Amino acid sequence: MNILVTGGAGYIGSHAVKRLLTDGHTVAVVDNLRRGHLSAIDALTTIADGRLAFYEADVGDRSAIERILRENHIVAVMHFAALAYVGESVTEPLLYHHNNTAAALNLLEACDAVGVQRFVFSSTCATYGEPAPEHIPIAETTPQNPINPYGWSKLHVERILSDYLEAKALAGKPFAYAAPRYFNVAGSDPDTLIGEHHNPETHLIPLVLHAAIGKRKDITIFGTDYPTPDGTCIRDYVHVVDLIDAHVAILHSLDPNKPGGDRRIYNLGIGRGYSVREIIEAAQRVTGRKISVLEGERRAGDPPTLFANPAKINAEIGWSASCTDIDEVIKSAWRWLEAHPNGYA
Ligand code: UFG
């Protein structure tokens, strides 16, 4: 298949590109390199066997996107390109609505013009906001009430896709889309060809490992008075390789010719949560290093407990996470960090 991957130089997108190339697909990547890394593309090129085309372009550049879709005879799009810092979205909401919502709309318009029938959009559990305790574990039917512009910027795209599908179905035209909602994506490529490198880094697992390797002095736990067994927040950490495996399974199951159109909304998580303290303990086990821990205030907007009910994707296409042991997730992230202590050069 000829597949367009937006954000293919970023953390999750680059893992998708690696898997698609390994599976024999031909991949065009669009990335504006504002958050992505050219070094990831360089690394992926070494395994591409001529099947990877890279375009430094913005998803919001309509004419560029339409040209890329046509030139590469694209039949499916995986749209990862997005800004993903919750805090930044609160201070820069227009940036998020512009980059995440408006750019996705532009991409879909280009796909419409060219006739692309398969679209996979990376959505997020942030679209659920702070679900009431009776909604934990979180199923896809949980009401979506984002509590920050990041969550809204993704939810708007879900809505746009849904409206577009309805219109295509009414017109008797083929279209299929998926909006997998990610929980906490973690870990790295086991071959360490590519990995997780954010600047700034805000995610728990890389930060804990930075403390273990000595890139930072310590890790601060944001809140120890939550209503959880050890007082710290609980999250569902899904290995990035499993997450991409789900995308591939979804892509192959999409049926644009399904009567009424094909819409797939799936929560992507492992179905159980680990607390911040459990993550730090696991990181100490995996690295064999003592990590200095500070106890700090709660971070605004952090719900106590979030984990997925992944039953729907399992029932419909047979996917479940193969890596449910947090030590294994952390081990892969540690291997990447040891091999690339400064991330991409
Ligand atoms: N945490 C700390 N100390 C740190 C960093 C994080 O205690 O230095 C805690 C957080 O408070 C949270 C947990 O570790 O309880 C995980 O935090 P992350 O920042 O790694 O991830 P989040 O759960 O905040 O964010 C994830 C995704 C977002 C998504 C959000 C939805 O990364 O893209 O879930 O709630 F929007």
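Histidine 73 counts as exposed in this predicted model, because its relative accessibility is 57% and the threshold for that class is over 50%. The residue is found in the loop between helix 3 and strand 4, the latter spanning 76-79. Its backbone deserves a remark: histidine 73 is not a glycine, yet it has a positive phi of about 50°.

A similar backbone feature appears at aspartate 49. Here phi is positive at about 55°, and again the residue is not a glycine. Aspartate 49 sits in the loop that runs between helix 2 (38-45) and strand 3 (52-56). Is aspartate 49 buried or exposed? With a relative accessible area of 71%, aspartate 49 is exposed.

Let me turn to the cis peptide bonds. One of them joins isoleucine 136 and proline 137, with omega at about 0°. Proline 137 belongs to the loop between strand 6 and helix 6. Another cis bond runs from asparagine 199 to proline 200, and its omega is near 0°. For proline 200, the setting is the loop between strand 8 (184-186) and helix 7 (204-213).

I return to the loop that holds proline 137, since threonine 127 also lies between strand 6 (123-124) and helix 6 (149-170). Threonine 127 counts as buried because its relative accessibility is 0%, and the class takes in values under 20%. Which residues does threonine 127 touch, once those up to four places away in sequence are set aside? They are Gln144, Asn145, Pro146, Gly151, Lys154, Leu155, Glu158 and Arg181. Of these, I would ask you to locate Gly151, Lys154, Leu155 and Glu158 on the structure, bearing in mind that helix 6 covers 149-170.

Histidine 15 offers a contrast to histidine 73. Histidine 15 is found in helix 1, residues 11-22, and counts as buried at 5% relative accessibility, whereas histidine 73 is exposed. Leaving aside neighbours within four places in sequence, histidine 15 is in contact with Ser188, Asp189, Ile194, Gly195, Val240 and Ile244.

Next, the packing of helix 3 (residues 62-71) against helix 5 (residues 93-114). Their axes are 9 Å apart and meet at an angle of about 45°. Helix 3 is therefore oblique to helix 5, and the crossing is right-handed. From helix 3, the residues involved are Arg62, Ile65, Glu66, Leu69 and Arg70. Helix 5 contributes Asn106, Leu107, Glu109, Ala110, Cys111, Ala113 and Val114. How does this contact divide by residue type? Seven of its residues are nonpolar, one is polar and four are charged.

Finally, the nonpolar cores. The largest contains 72 residues, and the members that touch the most others are Val5, Ile12, Ile205, Ile326 and Ile330. A second core, separate from it, has 28 residues, including Ile68, Ala104, Phe119 and Val157. As for isoleucine 330, its contacts beyond four places in sequence are Ile205, Leu209, Ile279, Ala282, Ala283 and Val286. Among these partners, Ile205 is itself one of the residues with the most contacts to other members of the largest core.

To close, I would draw your attention once more to the two non-glycine residues with positive phi, aspartate 49 and histidine 73. Aspartate 49 is exposed, and histidine 73 is exposed as well.

Methods:
Residues numbered from 1 in each chain as written. Predicted model: local features only at pLDDT ≥ 70, side-chain atom pairs only at ≥ 80, totals over all residues. Heavy atoms only, no water. Helix = DSSP H or I, 4+ residues; strand = E, 2+ residues; numbered from the N terminus. Buried < 20%, exposed > 50% of the residue type's maximum accessible area, 1.4 Å probe, protein only. Contact = heavy atoms within 4.5 Å. Core = buried A, V, L, I, M, F, W, Y, C linked by side-chain atoms within 4.5 Å. Axes fitted to C-alpha atoms, helices over the stretch in contact; angles between N-to-C directions. Parallel < 35°, antiparallel > 145°, perpendicular 65-115°, else oblique. Left-handed = near helix turned anticlockwise from the far one by under 90°. Nonpolar A, V, L, I, M, F, W, Y, C, P; charged D, E, K, R; others polar.
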